[in-house]
Amino acid sequence: MWINKYFAIIYAYYLLWKYNLYKKNWTFSFDNAHCSGGQTWVHQKKITLSKKYVERVNISDIKDTLIHEIAHALVDPKSNHNDIWRNKFISIGGSGRIYCKCFEKLSDFKWKYSCKKCDLSQGYCYRKYKIWCYHCGNYLYYVPNDNWFIEILINIINNNNNEYI
């Protein structure tokens, strides 16, 4: 939706101003990411939101994602998603949620990982070799997710084109 895009721009610059990041030359833009809602580029002093993400979610999810990214900009870059970052995220009005709801459909991901301790599953667009559960901290194990490959084959058969080859 176009309204989401304009809201994201206005709210992002409002947050950059509110937390004095604008004075430190931080900027905002959209990117073409497929597997993340937003990203913080510390060395470039830039916060981005995925165009695809902004089209799929509601205003409150965009707001929470921007606050999530602002929290990354405010803490030490090495904090990633640890307790220091999480406390900052919650203190500035965030939900505390690490991953956005719109990417919970695991068939969207090429790589799927599962936690044997709390039975949580997480999906990623790229292979990660050491990953821990954000819920309980246990090591995650790779689980084959063949849905992405089947979808490509179906598209090739239905469209009869070589787009994926």
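The secondary structure of the chain comes to 5 helices and 6 strands. Helices (H or I, at least four residues) and strands (E, at least two) are DSSP runs, numbered from the N terminus. The model is predicted, so local features need pLDDT of at least 70 and side-chain atom pairs count only at pLDDT 80 or more, while totals for chains, interfaces and linings use all residues. Residues are numbered from 1 along each chain as its sequence is written, and side-chain values use heavy atoms, with hydrogens and water left out. Read from the N terminus, the elements follow the order α-β-β-β-α-α-α-β-β-β-α.

The chain has 165 residues, and 36% of them count as buried. Here buried means under 20% relative accessible area, exposed means over 50%, and partly exposed lies in between (1.4 Å probe, protein chains only). The accessible surface of the chain is about 10,600 Å². Carbon and sulfur atoms hold 53% of that surface. Accessible areas come from the Shrake-Rupley method with a 1.4 Å probe, and for residues only the protein chains shown count as cover. Contacts were also computed, where contact means heavy atoms within 4.5 Å. Among contacts with a separation of 6 or more, 37% join residues 24 or more positions apart.

The interior comes next. In soluble globular proteins, nonpolar side chains tend to be buried together. A nonpolar core is a set of buried Ala, Val, Leu, Ile, Met, Phe, Trp, Tyr and Cys residues joined through side-chain atoms within 4.5 Å. The largest such core in this model has 25 residues. Phe28, Ile47, Leu66 and Ile70 have the most contacts inside it. Two or more residues each come from α1, β3 (46-50), α2 (51-56), α3 (59-74) and α4 (83-91). The largest share, 6 residues, comes from α3. Another core, of 6 residues, lies apart from it. Trp111, Tyr113, Cys115 and Leu140 are among its members.

Two residues show contacts in this part of the chain. Isoleucine 70 touches Leu15, Leu16, Tyr19, Leu21, Ile47 and Ile92, with residues up to four places away in sequence not counted. Tryptophan 26 is found in the loop between α1 and β1. Tryptophan 26 counts as buried, because its relative accessibility is 6%. Leaving aside neighbours within four places in sequence, its contacts include Leu16, Leu21, Lys45, Ile47 and Ala73. Tryptophan 26 and tyrosine 13 are 13 residues apart in sequence, and their C-alpha atoms are 9.3 Å apart in space.

Tyr13 also belongs to a nonpolar patch on the surface. The other members are Trp2, Ile3, Tyr6, Ile9, Ile10, Tyr14, Trp17 and Tyr22. Together the patch has about 1,000 Å² of accessible area. Patches are made of residues with over 30% relative accessible area and no salt bridge; like charges are joined within 9 Å, and nonpolar side chains (Val, Leu, Ile, Met, Phe, Trp, Tyr) within 5 Å. A salt bridge is a side-chain nitrogen of Lys or Arg within 4 Å of a carboxyl oxygen of Asp or Glu. Isoleucine 10 sits in helix α1 (residues 2-18). Isoleucine 10 is exposed, because its relative accessible area is 61%. An α-helix has 3.6 residues a turn, so residues three or four places apart point the same way.

Several loops have features of their own. Asparagine 20 lies in the loop between α1 and β1 (27-31). Asparagine 20 is not a glycine, yet its phi is positive, about 60°. Its relative accessible area is 39%, so asparagine 20 is partly exposed. Lysine 45 lies in the loop between β2 (38-41) and β3. Lysine 45 also has a positive phi, about 55°, although it is not a glycine. At 33% relative accessibility, lysine 45 is partly exposed. Histidine 34 is in the loop between β1 and β2. Histidine 34 counts as exposed, at 54% relative accessibility. Histidine 34 and serine 50 are 16 residues apart in sequence, with their C-alpha atoms 7.1 Å apart.

The last region is around α4. Serine 79 is in the loop between α3 and α4. Serine 79 counts as buried, because its relative accessibility is 6%. Beyond residues up to four places away in sequence, serine 79 touches Ile84 and Trp85. Arginine 86 lies in helix α4. At 34% relative accessibility, arginine 86 is partly exposed. Glycine 93 follows α4, and its phi is positive, near 110°.
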